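Student: Could you take me through the binding site in this model? I would like a close look at what surrounds the bound molecules.

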Amino acid sequence: MKVTVVGAGAVGASCAEYIAIKDFASEVVLVDIKEGYAEGKAMDLMQTASLNGFDTKITGTTGDYTKTAGSHIAVITSGIPRKPGMTREELIGINAGIVKTVSENLVKHSPDVILIVVSNPMDTMTYLAHKVTGLPKNRIIGMGGALDSARFKYRLAEALEAPISDVDGMVIGGHSDKGMVPLTRLATRNSVLASEFLSEDRLNQVLEDTKVGGATLTKLLGTSAWYAPGAAVSGLVQAIACDQKKMFPCSTLLEGEYGLNDLCIGVPVLLGKNGIEKIVEIELTDAEKAKMQESAAGVKATNGLLDA
Ligand SMILES: NC(=O)c1ccc[n+]([C@@H]2O[C@H](COP(=O)([O-])OP(=O)(O)OC[C@H]3O[C@@H](n4cnc5c(N)ncnc54)[C@H](O)[C@@H]3O)[C@@H](O)[C@H]2O)c1
Ligand SMILES: O=C(O)C[C@H](O)C(=O)O
């Protein structure tokens, strides 16, 4: 199983590291535009192999896509991250051009590839990848909900004063400060609804903290986060590589599902060897449906900037 990761920066390198540590891929190719950078990151990571006990071979290249030929899965993390005070949507001007060129290059050398889009604004970049490659919808996956759900569980565990392994929860909707829809109604501690333990106010606080999870870290770090994003991507890659049929909220092209059309947005999907093998439609309340509609309107407004 060959995996390419484009962008050897914070998220790309973290993602490559988690993939290698989990030791399910034979090969990871890192690609960057900065001369020598991907080669350097690959060498540094390979020097952790004997320490961390993995056999995955990691190599790096400065923009030579022939080295990515025959990739089963490719992750796109190339692009600029936001700085404190910015929104993800403000990155579109620079990142759209990068994601377009990178997607074209990847598909040219690996026509059967499954793409995982990470660069922000992620839902719009996933939609753009569809437009430029024309790949079937099961083979283009946007990563956002897996990360947002991990942050939701972190905040739930904090509020419940419970170990994280005790809690479960999911975030759907757009991967943006305003567009996320954490499903607090369905959050649980060991199958018991979180609302049995937490007041409505406390659950709302969990919801609000989750939605600004990325912005909170960006303020602390001066750039956006990478450990949890890298881990979340590696989870999606593993689910596909190992045909796990695992459920994650991912950004996918909707054609009527959830009453939405012609956009990519986060909904639960099953991931296996074919990429997105099923979009899971769960029954939402009227309030949750309204939030999804609002979130979709935000994503569509950003998509509209692609043509501008
Ligand atoms: N979807 C998510 O949940 C999520 C999570 C974290 C970060 N992100 C996004 O991922 C992107 C990367 O974040 P980061 O922190 O790793 O940034 P970074 O600056 O550390 O790394 C980005 C890398 O991309 C490279 N790059 C730029 N143009 C390229 C091109 N044309 N081809 C190949 N490489 C190119 C840069 O040289 C750099 O090394 C940002 O857009 C960020 O907003 C998304
Ligand atoms: O917050 C960001 O800009 C990066 C990423 O989307 C995240 O949620 O960590």
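Tutor: Here is a walk around ligand 2, followed by its neighbour in the discussion, ligand 1. Keep in mind that this is a predicted model.

Start with the shell. Ligand 2 is surrounded by R82, R88, N120, L147, R151, H175, G214, T218 and S224. By class, that shell holds one nonpolar, five polar and three charged residues.

Now look at the polar contacts. The side chain of R151 places a polar atom 2.7 Å from an oxygen atom of ligand 2. R88 has a side-chain N or O atom 2.8 Å from a ligand 2 oxygen. For the side chain of N120, the distance to an oxygen of ligand 2 is 2.9 Å. On its own, ligand 2 exposes 260 Å², and the protein buries 94% of that. The space that ligand 2 takes is the largest pocket. Two elements, α6 (145-160) and α8 (213-221), give two or more residues each to this shell.

Turn to ligand 1. It is surrounded by 27 residues, and the closest are V11, D32, I80, N120 and M143. Its shell has 16 nonpolar, nine polar and two charged residues. α4 gives the largest share, three residues.

Here the backbone takes part. A backbone N or O atom of V11 lies 2.8 Å from an oxygen of ligand 1. Side chains contribute too. N95 has a side-chain N or O atom 3.2 Å from a ligand 1 oxygen. For the side chain of H175, the distance to an oxygen of ligand 1 is also 3.2 Å. Of the 870 Å² that ligand 1 has accessible on its own, the protein covers 88%.

Definitions and conventions. Residues numbered from 1 in each chain as written. Chains lettered and ligands numbered in written order. Predicted model: local features only at pLDDT ≥ 70, side-chain atom pairs only at ≥ 80, totals over all residues. Heavy atoms only, no water. Near = heavy atom within 4 Å. Polar contact = N/O pair within 3.5 Å; in protein donor to acceptor, adjacent residues only side chain to side chain. Areas by Shrake-Rupley, 256 points an atom, 1.4 Å probe, with all protein chains shown as cover. 1 Å grid on protein atoms, 1.4 Å probe; cavity = no way out; pocket = protein on both sides within 12 Å on 5 of 7 lines; lining within 4 Å. Sits in = over half its atoms within 2 Å of the grid points. Helix = DSSP H or I, 4+ residues; strand = E, 2+ residues; numbered from the N terminus. Nonpolar A, V, L, I, M, F, W, Y, C, P; charged D, E, K, R; others polar.
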